[in-house]
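Please open the model in a viewer and display the backbone as a cartoon. The tour below proceeds by selection, with a remark on what is found at each stop.

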Amino acid sequence: MHDEGATARPKGPPVFLDRDGVICELRPDPISGELEGPIHVSDTMLVAGAAAALVRLRAAGATLVGVTNQPSAAKGIITLEEQEEIQAHVIELLHVEGVVLDRWELCPHHPVAILAALRVDCHCRKPRPGMLINAATELDLDLSSSYMIGDSDTDIEAGLAVGATTVILGAVDGHKRRHPERADAQRADLAAAVEFVLGHARDRNGPASH
Ligand SMILES: [Mg+2]
Ligand SMILES: [Zn+2]
């Protein structure tokens, strides 16, 4: 008999993560004043404690998938190249902190985009679940045991659509967070959400067999 648990990575659940407001700090939009994701590389920074929380999830064997709507280029606010530089910077900042996500899914579309090429009523833009479904197909993930962590109603709806257990972050409702009660759990930040996920997954799997 092989002891397959001896050296194998522990098996944890798939965890989908929104980017802005979860992993990356939000910034006030210069025009609307609303908190939005970064639109400059120089504005792009990780939420304090987020990388450490992801390291903890990774150590528990979770598969980490970033799922992020990025419509700024579609809206003509920044170029697609700038948008890609910001995403590359996020990946680099995480790498420096010792975290590499298993996959990123990014939706660059917007239904009323200024850029015609990105004016798509797509299946990937949250609240639609296309990014989660695509990642599940590519990585052979079990959606019924998955989690979705986000800070907006659209994150929660995308998670609910695939049967994920959902966690909404933050304490203050805003234009993107009107129905936190739709989520299975509410937590202050990613570190607290990760504690919830690990505890929930442990309870679901029953008493540890090892
Ligand atoms: Mg967000
Ligand atoms: Zn899309």
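The stops run from the whole chain to individual helices, strands and residues.

**The whole chain**

Begin with the complete protein chain, bearing in mind that this is a predicted model. The chain contains five helices and eight strands, and their order along the sequence is β-β-β-α-β-α-β-α-β-α-β-β-α. Along its principal axes, the C-alpha trace spans about 60 × 35 × 30 Å. The radius of gyration is 17 Å, which agrees with the value near 17 Å for a compact globule of 210 residues. Of the 210 residues, 36% are buried. Among contacts between residues at least 6 apart in sequence, 63% join residues at least 24 apart.

**Helix H2**

Next, select residues 80-96, which form helix H2. This helix of 17 residues reaches 24 Å from its first C-alpha to its last, close to the 24 Å expected at 1.5 Å a residue. Show the side chains of Gln83, Ile86, Gln87, Val90 and Leu94, which are buried. Viewed down the axis of H2, the buried residues fall within an arc of 95°, and they therefore line one face of the helix. The general rule is that an α-helix has 3.6 residues a turn, so residues three or four places apart point the same way. On the other side of H2, the exposed residues are Glu81, Ala88, Glu92, His95 and Val96. Adding helix H1 (50-59) and strand E5 (103-107) to the selection shows part of what covers the buried residues of H2. Just after the helix, Gly98 has a positive phi of about 90°.

**Strand E4 and its partners**

Keep E5 on display and select strand E4, residues 63-69. Six of its seven residues are buried, so E4 is largely enclosed by the rest of the structure. E4 runs parallel to E5, to which five bridges join it; here Thr68 stands opposite Leu106. E4 also pairs with E1 in the parallel sense, over four bridges. In that pairing, Val15 is opposite Leu64.

**The largest nonpolar core**

Which residues have the most contacts inside the largest nonpolar core? They are Val15, Phe16, Leu17, Tyr147, Ile149, Val167 and Leu190, in a core of 39 residues. Helix H5 (residues 190-205) gives the most to this core, contributing five residues. Centre the view on Phe16: beyond four places in sequence, Phe16 touches Val65, Val67, Leu132, Ser146, Tyr147, Met148, Gly159 and Ala164.

**Helix H4**

Gly159 leads to the next selection, helix H4 (residues 153-161), where the buried residues are Asp153, Asp155, Ile156, Ala158 and Gly159. These buried residues pack against strand E1 (14-17), helix H3 (130-139), strand E6 (147-150) and strand E7 (165-169). After H4 comes Gly163, with a positive phi near 85°.

**Glu25**

Finally, select Glu25, in the loop between E1 and strand E2 (27-28). Is Glu25 buried or partly exposed? Glu25 counts as partly exposed because 16 C-beta neighbours lie inside 10 Å, whereas a buried residue has 20 or more within that distance. The C-alpha atoms of Glu25 and Thr44 are separated by 7.1 Å, although the two residues are 19 apart along the chain. With neighbours within four places in sequence left aside, Glu25 is in contact with Met45 and Val47.

Definitions and conventions: Residues are numbered from 1 along each chain as its sequence is written. Chains are lettered from A and ligands numbered from 1 in the order in which they are written. This is a predicted model: local features need pLDDT of at least 70, side-chain atom pairs count only at pLDDT 80 or more; totals for chains, interfaces and linings use all residues. Helices (H or I, at least four residues) and strands (E, at least two) are DSSP runs, numbered from the N terminus. The radius of gyration is taken over C-alpha atoms; the globule rule is 2.2 Å times the number of residues to the power 0.38. A residue is buried if 20 or more other C-beta atoms lie within 10 Å of its own, exposed if 12 or fewer, and partly exposed in between; C-beta atoms are placed from the backbone. Two residues are in contact if their C-beta atoms, placed from the backbone, lie within 7 Å. The expected span of a helix is 1.5 Å times one less than its number of residues. The arc is that of the directions from the helix axis to the C-beta atoms. A nonpolar core is a set of buried Ala, Val, Leu, Ile, Met, Phe, Trp, Tyr and Cys residues joined through C-beta atoms within 7 Å. Two strands pair if DSSP finds at least two bridges between them.
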